[in-house]
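Here's a quick briefing for anyone meeting this structure for the first time. Take a look at the model, then read on.

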Amino acid sequence: MTDTTDDLAWVKRVNSRWIVRQGLRESSAAYLEHLAATDPEKLMRSCRRARHLTHQSGSGEDPKPWFYAGLFSLATDEEASRFLAEHPFTLAALPRYEGKMPGYLCPDRVAQTTWEKVLRIRQGVTALDTWEREA
């Protein structure tokens with residue numbers, strides 16, 4: 001297991017360097033600040049999950065969707081509404097929000113390969129609970 005301070009620094013560094021669409025970098029940075037102020041333990045768990053899930057992406061696959069799904073995997077409904085309102089792919093990758101949020105990404109609105117990626121990431125997010133218990 002890595003040092004949690006290490007995980008936070010890694011997440012901040014990665015988030016600040018990646019090119020992402022629709023303000024996802026800024027939303028993620030705001031989420032990190034929010035967690036730092038309201039729930040430092042959840043901040044550390046979220047960072048650890050983001051780092052772990054990023055390494056679960058396949059070889060040659062873009063790790064960004066995995067990273068952001070891991071980062072937001074513990075988000076409450078209010079946090080998801082606040083920080084992911086403009087990020088339908090990330091919301092779709094979080095199993096607990098299936099069909100619950102406005103603008104939710106549906107399988108009939110995206111290419112089959114995109115939906116298959118959503119489903120793979122969901123499996124990874126679901127497996128995070130087991131991974132945490134075993135870590």
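What follows covers a helix pair, the largest pocket and the aromatic rings.

This is a predicted model, where local features need pLDDT of at least 70, side-chain atom pairs count only at pLDDT 80 or more, and totals for chains, interfaces and linings use all residues. Residues are numbered from 1 along each chain as its sequence is written, and side-chain values use heavy atoms, with hydrogens and water left out.

**Helix pair**
- The axes (lines fitted to C-alpha atoms) of helix α2, residues 24–38, and helix α3, residues 40–54, come within 6 Å and cross at roughly 140°.
- That makes α2 oblique to α3 (neither under 35 degrees, over 145, nor 65 to 115).
- In contact here (heavy atoms within 4.5 Å) are Y31, L32, L35, A36 and T38 of α2 with P40, K42, L43, S46 and C47 of α3.
- Sorted by class, the residues of this contact are seven nonpolar, two polar and one charged.

**Largest pocket**
- The largest pocket (an open set of 1 Å grid points where a 1.4 Å probe fits, with protein on both sides within 12 Å along at least five of seven lines) holds about 420 Å³ of space.
- It has 13 lining residues (an atom within 4 Å of a point), and V20, R21, Q22, L24 and F89 sit closest to its centre.
- Both α4 (64–71) and α6 (88–92) supply at least two lining residues each.

**Aromatic rings**
- The whole structure has six aromatic pairs (ring centres within 6.5 Å).
- W10, W18, F67 and Y68 make up one aromatic cluster.

Conventions. Grid points are joined across faces, edges and corners, and a volume is the space filled by probe spheres set on the points. Helices (H or I, at least four residues) and strands (E, at least two) are DSSP runs, numbered from the N terminus. Axes are lines fitted to C-alpha atoms, for helices over the stretch in contact, and angles run from 0 to 180 degrees between N-to-C directions. Ala, Val, Leu, Ile, Met, Phe, Trp, Tyr, Cys and Pro count as nonpolar, Asp, Glu, Lys and Arg as charged, and the others, Gly among them, as polar. Rings of Phe, Tyr and Trp (its six-membered ring) pair if their centres lie within 6.5 Å; planes under 30 degrees apart count as stacked, over 60 as edge-to-face and the rest as tilted.
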